[in-house]
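Here's a quick tour of one protein model, written for someone who likes to check things in the viewer. Have the structure open as you read.

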Amino acid sequence: MKPYLEPIPLGQEKSILGFSYAADNFDTPWHFHPQHELTYIEESTGTKFIGDYVGSYEPGELVLLRSNLPHCWKNAQNGQNQSRSLVVQWNVGIFPKVPELQVVFDLLRTAAKGMLFDFKETKELIPTLKRLPSLEGHELYIQLLELLTALAKCPYRTLSEASFIDDLPTEYGSRMSTIHEFVSKYFERKIYLKEVADLVSLSEQSFSRFFSKMMGRSFFTFLNEYRINRASRMLLDTDYSVAEIGYFCGYESLPFFHKQFNKFKNCTPLVYRKKHGLT
């Protein structure tokens, strides 16, 4: 897979791009770009990768990403819903460095780790966000600035442990994109370290060092994290038994599945399902 630096058509004549996305899948691989990005998920569920973070997503999520932060959204392959999002991207440096805008610059600095905003607190801002793709010129600029100023007052949590301020080396981006695609496709079966290392032309030892450097944890910890996030989504979206879900997500041992689920979710699968109003 080629290194993926997403080209965004922004230049001297236009510094902000707002658009709606609708398709069967979010098919963009793990990628980065020199623009900041605000993404609102309107429809579909799945897994999001933000820097070294992996976790589930659902409709209503609003995420702010600083420039050069690698990311992608992978929807669950259930075929039930379209994947729909609203995205706003803008060039670095379009706002003047004045004291009155310090809250905006503080916000963007924090977004180097990815920011997931509180759903209830940002609900009233979504109509403004949805208007941005229809605006042009100074109206788009002013509305974006007002939206970011409002977001600076909203509760949030950061996602990635590491910050990605500088450009991601293209070789690293290519490898990580390949690894993400492989895990998304084959998480249901047993995965061997050697086959993933061979996939990116590294020895097992070199691959382990590379992956830990990029993601801050071992490959198999990441794999279990991905599987448990898929399992937690299935507990909410299906009526399959816990055992069926465990086996579907690649666990040959149910006790190990329960152990890993408790490790990442701090409860058993049944408690997780009941906690979210399902029995």
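## Ground rules

A residue is called buried when its relative accessible area is under 20%, and exposed when that figure is over 50%. Keep in mind that this is a predicted model.

## Helix H7 and its two faces

Let's start with H7, which runs over residues 204-215. Its 12 residues should span 16 Å at 1.5 Å a residue, and the end C-alpha atoms are indeed 16 Å apart, so the two figures agree.

Which residues of H7 are buried? They are Phe207, Phe210, Phe211, Met214 and Met215. These buried residues sit on the same side of H7, because they cover an arc of only 105 degrees around the axis. An α-helix has 3.6 residues a turn, so residues three or four places apart point the same way. On the face turned away from the buried side of H7 you'll find the exposed residues Gln205, Arg209 and Lys213.

## What flanks H7

Just past the end of H7, Gly216 has a positive phi of about 75 degrees. On the other side, the loop between helix H6 (193-199) and H7 holds Ser201. Ser201 isn't a glycine, yet its phi is positive too, near 60 degrees. Ser201 counts as exposed because its relative accessibility is 66%.

## The largest pocket

Now for the empty space: the largest pocket has a volume of about 660 Å³. It is lined by 33 residues, and the closest to its centre are Lys48, Tyr53, Ser56, Leu116 and Arg157. Strands E4 (53-57), E8 (115-117) and E9 (156-158) each give two or more residues to the lining, as do helices H8 (219-237) and H10 (254-265). By type, the lining splits into 14 nonpolar, 8 polar and 11 charged residues.

One of those contributors, H8, is mostly covered, with 16 of its 19 residues buried. For H8 the expected span is 27 Å at 1.5 Å a residue, and its end C-alpha atoms are 27 Å apart, so that checks out.

## Two buried residues to look at

Ser44 lies in the loop between strand E2 (36-43) and strand E3 (46-50). Its phi is positive, about 100 degrees, although Ser44 is not a glycine. Is Ser44 buried or exposed? With a relative accessible area of 8%, Ser44 is buried.

His71 belongs to strand E6 (residues 71-75). At 2% relative accessibility, His71 counts as buried. A polar atom of the His71 side chain lies 2.8 Å from the backbone oxygen of Leu69.

Key. Residues are numbered from 1 along each chain as its sequence is written. This is a predicted model: local features need pLDDT of at least 70, side-chain atom pairs count only at pLDDT 80 or more; totals for chains, interfaces and linings use all residues. Side-chain values use heavy atoms; hydrogens and water are left out. On a 1 Å grid over the protein atoms alone, a cavity is a set of points where a 1.4 Å probe fits but cannot get out, and a pocket is an open set with protein on both sides within 12 Å along at least five of seven lines; lining residues have an atom within 4 Å of a point. Grid points are joined across faces, edges and corners, and a volume is the space filled by probe spheres set on the points. Helices (H or I, at least four residues) and strands (E, at least two) are DSSP runs, numbered from the N terminus. Ala, Val, Leu, Ile, Met, Phe, Trp, Tyr, Cys and Pro count as nonpolar, Asp, Glu, Lys and Arg as charged, and the others, Gly among them, as polar. The expected span of a helix is 1.5 Å times one less than its number of residues. Buried means under 20% relative accessible area, exposed over 50%, partly exposed in between (1.4 Å probe, protein chains only). The arc is that of the directions from the helix axis to the C-beta atoms. A polar contact is a pair of N or O atoms within 3.5 Å; within protein, one must be able to donate a hydrogen and the other to accept it, and residues adjacent in sequence count only if both atoms are side-chain atoms.
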